[in-house]
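User: I would like to go through this model and ask, point by point, how each label is justified. Please set the computed value against the cut-off wherever a label depends on one.

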Amino acid sequence: MIVPVKKAKLFVFNDDKDTALKIIQKKSLMMMTHSDNTIVEDVSYEDDILLRTSRVIKYLEGVKGKKGFFEYHEVDESSFEADHKTYLTFLDSVEEKEQSLTKVNEDIAHLAETITDLKPFNGLGLNLEALSKTNYVKFFSGFVHENNLNGLKELFLKHNISYEIFDNDDRGHAFVVGIYYEDYETYLNEIKRFEVIETKLPIINMTLSNYLIDLANQKNVLEGKQKDLKDEIQALSNQIDNLYILADQMSTTKKRKLVPYFQTEHTSVITGWVRTDQIELLETSLKANLEFHELELFDPLETETPPTALKNNKFVSNFETITESYNVPNHKEIDPNPLMSIWYWIIFGIMMGDIGYGLMMVLMFGLFLKYKKPKGSFKQLVTVFYYSGFTSIVVGILFGSFFGATFDLGAIIGSWFGQSWSSTVLVPIDQPLEMLFVSLIIGVVHILSGLVMKVILSIKLKNTLDGIATGLSWILILLGIGAYVLFSMVNPNTIGNFIGLGMIGLGVLLILLFSGHESKSVFKKIGSGLGGLYSVTSYLSDILSYSRILALSLSTAVIAFTFNLLAGMLTGNVLGFVLAILIYVVGHIFNFAMGLLSAYIHDARLQYIEFFGKFFIGEGYKFEPLSVELNYIDEIKQTTLVGGN
């Protein structure tokens, strides 16, 4: 049902504003409104922490490893209400460890690169500092490719230049050459013709081999430090819930601080929408936590469009996600969800129509809800599938189908008592015409229920004549056609035929009389009436649309039967038996997935077009009160006040 809402003005002392908002946010009691000249607090502090926290969460999740599919994060009220600075200290420590590890990694990479660069020169036994301080000779070191090595050696021998060739790597052969200062530039140009790669040797007071040992020791020390830091960060990753709490604290606080308000010297004024069924709870909660407050309530103005607040039982509320995917009802109309949920539930079950697939839905989605515990509209959708599994099982019993195989549950039970019972009422794959007739009957009743809603809504909106012209008239016509066809099949000469014709005639008369009731011109009234009768083609099309129920129940049954047949053809030997199991499992998983998707889409289409099209106005917007923002945490147990400090 749609719950009326009132506009509220809440007056509190300036110092109590945040406490008041926490109370409202905790229990989701008010949907805030925006207007000119309101104040909105700065949230740059929260944004900065959120940015840091989300980055570090991503980092720690990478360290911790892949999340478990059924991982569920639940915290108690005291943990969520703790001073956020406690968790901020943890964030700082993780960032410090991460930065230290990054620096160590960079240092290790630099040392490894240096060792790799110098390792080919390991055979150089001279003191490196002494090489740079000679009086007559200047040394050049580098790499030469294998193809140019002999040519370079010939150059050295030709000019009697001292050189030494060392190990090689992917850059070529390492070499060091000593050249007199006065000849250095001349011979250097000659050397470079061989496409050498110059490598500078470090200037240190030790041999290169000792230097490499020293670098390796430094690298080993850093690798030990690296391991320690990784272990520490790994341990910190097990406390990642601290960051989940911090992130959701900041999101919740930010949401609260973004609430616009008016402020005087001593008081703050908060405005918004309140559900009429929660006004008492709002008053009680404020009174229990504030020394002073004043709550003023107003009915919405005619020019205002208040949000739509819904209140339904556990079953119906989950089907609200189907309606919201189409549109949100406005605050003046009738909530379509109680009636639509029953229809959606039944039609979904008929479209799937198999005991095995129904059991899969109940088990799979039931376990998902129990252990994964999804939230929001996704939880609602999963619950819809879970509920629809039960109707799929019931219809599967009536269709005598278990994963596409013939399965008469009544006959099995009857055999226990020596009775010839049967629970199979209709087999779509064998009786398509009968199934088509049932589908169309369902369509007529579904449309009639929508027309009844139209009449009720018209009365509620004080537009009774429109309800008579477009609702009651077609109810009479459709019922009259049904009565006439039914009695004609039994006995064409009974009074029932005349009753049916009378209902049709009365419905036509109501259309002619009231379709143009808003027009003053007689000709426009007649034209509107004749135009109203033309809607018969639309109703015929709508009823035929329900043949998709037959199509989907048939497609599910035929595909299941086909995979069963293919699997049965391969059971002649061991290999064939294995292949048969594979075909059976894969085939039915595929058929289940496609059937689920098709039933979801086509069932929704019947609700949106054929059912909602008769009465649904829409163009509303959902009542979305200020509430706790949980992006990482799944549940807070026994909260008192929310949002962190």
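User: Where is Lys373 placed, and why is Lys373 called partly exposed?

Analyst: In this predicted model, Lys373 sits in the loop between helix H14 (355–372) and H15. Its relative accessibility is 33%, and the label of partly exposed applies between the limits of under 20% for buried and over 50% for exposed, so Lys373 counts as partly exposed. Lys373 also has a phi near 50 degrees, which is a positive value in a residue other than glycine.

User: What makes Glu195 exposed, and what is the sign of its phi?

Analyst: Glu195 reaches 64% relative accessibility, and exposed means over 50%, so Glu195 counts as exposed. Its phi is positive, about 55 degrees, although Glu195 is not a glycine. Glu195 is found in the loop between helix H7 (184–192) and strand S8 (197–198).

User: How do you know that Lys7 and Glu304 form a salt bridge?

Analyst: The closest N and O atoms of Lys7 and Glu304 are 2.7 Å apart, and the rule asks for a side-chain nitrogen of Lys or Arg within 4 Å of a carboxyl oxygen of Asp or Glu, so the pair is a salt bridge. This pair links distant parts of the chain, with Lys7 in strand S2 (residues 5–13) and Glu304 in the loop between strand S11 (294–298) and S12, 297 residues apart. Lys7 has 25% relative accessibility and therefore counts as partly exposed. By this rule the count comes to 26 salt bridges.

User: Why can the pair of Glu629 and Lys255 be said to tie parts of the chain together?

Analyst: The side chains of Glu629 and Lys255 meet in a salt bridge at 3.2 Å, N to O. Glu629 lies in the loop between H23 and S15 and Lys255 in helix H9 (residues 241–257), so the pair ties together parts that are 374 residues apart in sequence. Glu629, at 26% relative accessibility, counts as partly exposed, and Lys255, at 27%, counts as partly exposed too.

User: What makes Lys311 and Asp277 a salt bridge, and why are the two residues called partly exposed?

Analyst: Their closest N and O atoms are 3.7 Å apart, and the cut-off is within 4 Å, so Lys311 and Asp277 satisfy the rule. The pair links distant parts of the chain, Lys311 being in the loop between S12 and H11 and Asp277 in the loop between strand S10 (267–275) and helix H10 (279–289), 34 residues apart. Lys311 has a relative accessible area of 45% and is therefore partly exposed, while Asp277, at 35% relative accessibility, also counts as partly exposed. Elsewhere, salt bridges that share partners join Arg52, Asp92 and Glu95 into one network.

User: Why is Met569 called exposed, and which nonpolar surface patch includes Met569?

Analyst: Met569 has 61% relative accessibility, and exposed means over 50%, so Met569 counts as exposed. The patch covers about 990 Å², and its residues include Ile429, Val558, Phe561, Met569 and Val586. Helix H22 (547–568) and helix H23 (574–611) each supply at least two residues of this patch, whereas Met569 itself is in the loop between H22 and H23.

User: What makes up the lining of the largest pocket, and which helix gives the most to that lining?

Analyst: About 1,500 Å³ of space lies in the largest pocket. Of the 39 residues that line this pocket, Ser28, Gly376, Lys622, Pro625 and Ser627 are the closest to its centre. By class, the lining has 16 nonpolar, 11 polar and 12 charged residues. H15 gives the most, with 7 residues, and the elements that each supply at least two residues include strand S3 (31–32), helix H11 (314–318) and helix H15 (376–399).

User: Why is Glu635 called partly exposed, and how far is Glu635 from Val75?

Analyst: Glu635, in strand S15 (residues 635–637), has a relative accessible area of 24%, and buried would require under 20%, so Glu635 is partly exposed. The C-alpha atoms of Glu635 and Val75 are separated by 6.5 Å, although the two residues are 560 residues apart along the chain.

Key:
Residues numbered from 1 in each chain as written. Predicted model: local features only at pLDDT ≥ 70, side-chain atom pairs only at ≥ 80, totals over all residues. Heavy atoms only, no water. 1 Å grid on protein atoms, 1.4 Å probe; cavity = no way out; pocket = protein on both sides within 12 Å on 5 of 7 lines; lining within 4 Å. Points joined across faces, edges and corners; volume = space filled by probe spheres on them. Helix = DSSP H or I, 4+ residues; strand = E, 2+ residues; numbered from the N terminus. Nonpolar A, V, L, I, M, F, W, Y, C, P; charged D, E, K, R; others polar. Patch = residues over 30% accessible without salt bridge, like charges linked within 9 Å, V, L, I, M, F, W, Y side chains within 5 Å. Areas by Shrake-Rupley, 256 points an atom, 1.4 Å probe, with all protein chains shown as cover. Buried < 20%, exposed > 50% of the residue type's maximum accessible area, 1.4 Å probe, protein only.
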